[in-house]
Amino acid sequence: MKKALLALLLAIAVAAGVLYAFPSTLLATAQYVESARARLSTNSLQVDDLNITYYEGGPEKAQTILLVHGFGADKSNWPRFARFLTQDYHVIAVDLPGFGDSSKPANISYDVGTQAERLADFMRELGIGRFHVVGNSMGGHIAALLAARHPQEVLSVGLFDNAGVTAPHPSELFERLKNGDNPLVLRSVTDFPALLDFVFVQKPPLPSRLQDYLAERSLERSAFNGMVFQQLRERYIPLEPELPKITAPTLLLWGDRDRLLDVSSIDVMKPLLKKPSVAILRDCGHVPMIERPEETARLYLDFLKQNHAPVTAAN
């Protein structure tokens, strides 16, 4: 018995050492555990010469919720939130082209308008005619454009700390951008802890070796991300003229301590929407679905329920 216990402890210690020595394996393992817990599997689809990778889970005959990440992020932002949805809804969390494991050609456009149309094509290729859409940050900007341009396909919209409007109170991000400082595009691995502090009020626990690896990976992608960010600014599409075109119920959900996109954006958007709802999370930052996943999911599911969104498919 003692020998078996010692062997087990040794195996655990060796496994832990391997994971620490190979942080890419540690990250892949953590992401697999999170996605499995949310009942999500990884799939990919070729759309317009681009390979799009995505998580998918939940009952196929239920209504679909499409989840769209923000700038510099990917589909791994969603499993902690999605695990509260997949029991009743068919959930898709996509890697937008240019991010995650999807195609990243340097010679195509990554502006929000183009990405919105790519998502419309992606959903049609999947054979999903009508769906709910949720987006965070840049992904919220894209989700709003998708709903405005394709009102017959979008059942409801969740905008979580979305980009695309001029806030009455400029955020810290925009003040820094005026001075030529973009904290979202790393210049050094030493900038990464400050980036986490900028995004979160309370950061999720992150082993130091994994944090170092994420910093290194972010730095490797900084030139490409900088190019994408430049496109987002040069080809900016304001949402103010687009929001009145959204016919679906829309949830504006925000962290009240968001330093990237100020919560006062809600004051601009709410009067322009036909069917707005508002939820503000206190002491929360820019990515509420990561920082407070259960509370964010509860607020979102309450929104769907209040707007009489049935669970059965409407494709």
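So, S171: leaving out residues up to four places away in sequence, this serine touches R259, L260, L261 and D262. Keep in mind as I go that we are looking at a predicted model. S171 sits in the loop between β6, residues 154-160, and α6, residues 172-178. Buried or exposed, then, for S171? With a relative accessibility of 3%, S171 counts as buried.

Let's stay in that loop for a moment, since D161 is also found between β6 and α6. D161 has a relative accessibility of 0%, so D161 counts as buried as well. The backbone deserves a look here too: D161 has a positive phi of about 50 degrees, and it is not a glycine. As background, most residues other than glycine have a negative phi.

There is another residue of that kind, S137. Its phi is positive, about 60 degrees, and again this is not a glycine. Where is S137 found? The answer is the loop between β5, residues 131-136, and α5. The cut-off for buried is under 20% relative accessible area, and S137 comes in at 11%, so S137 counts as buried.

That brings me to the core. The largest nonpolar core has 94 residues, and those with the most contacts inside it are L66, F122 and Y300. Which helix gives the most to this core? That is α5, residues 138-149, with eight residues. If you have the model open, centre on Y300 and look around. Setting aside residues up to four places away in sequence, Y300 touches I65, F81, L85, H132, V134, S156, F160 and L251.

Y300 has an address in the secondary structure list that I'll come to through P293. P293 lies in helix α12, which covers residues 293-306. P293 has 18% relative accessibility, under the 20% cut-off, and therefore counts as buried. Its contacts, again without residues up to four places away in sequence, are R80, F81, F84 and P288. You may recall F81 from the Y300 list, and F81 is touched by P293 too. The C-alpha atoms of P293 and P79 are 9.0 Å apart, although 214 residues separate them along the chain.

Step back one position and you reach R292, in the loop between α11, residues 288-291, and α12. R292 has a relative accessible area of 23%, so R292 is partly exposed. Which residues does R292 touch, not counting those up to four places away in sequence? They are L281, R282, D283 and C284.

From R292 we can jump to I108: their C-alpha atoms are separated by 35 Å, with the two positions 184 residues apart along the chain. I108 has its place in the loop between β4, residues 90-94, and α4, residues 112-125. I108 is partly exposed, with a relative accessible area of 23%. Apart from neighbours within four places in sequence, I108 is in contact with L50, R118 and Q231. Within ten residues of chain we get from I108 to G98, and their C-alpha atoms are 9.4 Å apart.

On the other side of β4 there is T86, in the loop between α3, residues 79-82, and β4. T86 is buried, with a relative accessible area of 3%. Residues up to four places away in sequence aside, T86 touches A38, R39, L40, G57, G58, P59 and V91. Between the C-alpha atoms of T86 and V133, 47 residues apart along the chain, the separation is 14 Å.

Now let me zoom out to the whole protein. It has twelve helices and eight strands. A compact globule of 315 residues would have a radius of gyration near 20 Å, and this protein has 20 Å, so the two agree. The C-alpha atoms fill a box of roughly 70 × 50 × 40 Å along the principal axes. Buried residues make up 51% of the 315. Among contacts with a separation of 6 or more, 76% are between residues 24 or more positions apart.

What about the surface and the charges? The accessible surface comes to about 14700 Å², and 55% of that belongs to carbon and sulfur atoms. There are 32 positive and 35 negative side chains, with the centres of the two sets 5 Å apart. 

That's my tour, and I'm happy to go back to any of these residues on the screen.

Methods
Residues are numbered from 1 along each chain as its sequence is written. This is a predicted model: local features need pLDDT of at least 70, side-chain atom pairs count only at pLDDT 80 or more; totals for chains, interfaces and linings use all residues. Side-chain values use heavy atoms; hydrogens and water are left out. Helices (H or I, at least four residues) and strands (E, at least two) are DSSP runs, numbered from the N terminus. The radius of gyration is taken over C-alpha atoms; the globule rule is 2.2 Å times the number of residues to the power 0.38. Buried means under 20% relative accessible area, exposed over 50%, partly exposed in between (1.4 Å probe, protein chains only). Contact means heavy atoms within 4.5 Å. Accessible areas come from the Shrake-Rupley method with a 1.4 Å probe; for residues, only the protein chains shown count as cover. Lys and Arg count as positive and Asp and Glu as negative; His and the chain ends are not counted. The place of a charge is taken as NZ of Lys, CZ of Arg, CG of Asp or CD of Glu. A nonpolar core is a set of buried Ala, Val, Leu, Ile, Met, Phe, Trp, Tyr and Cys residues joined through side-chain atoms within 4.5 Å.
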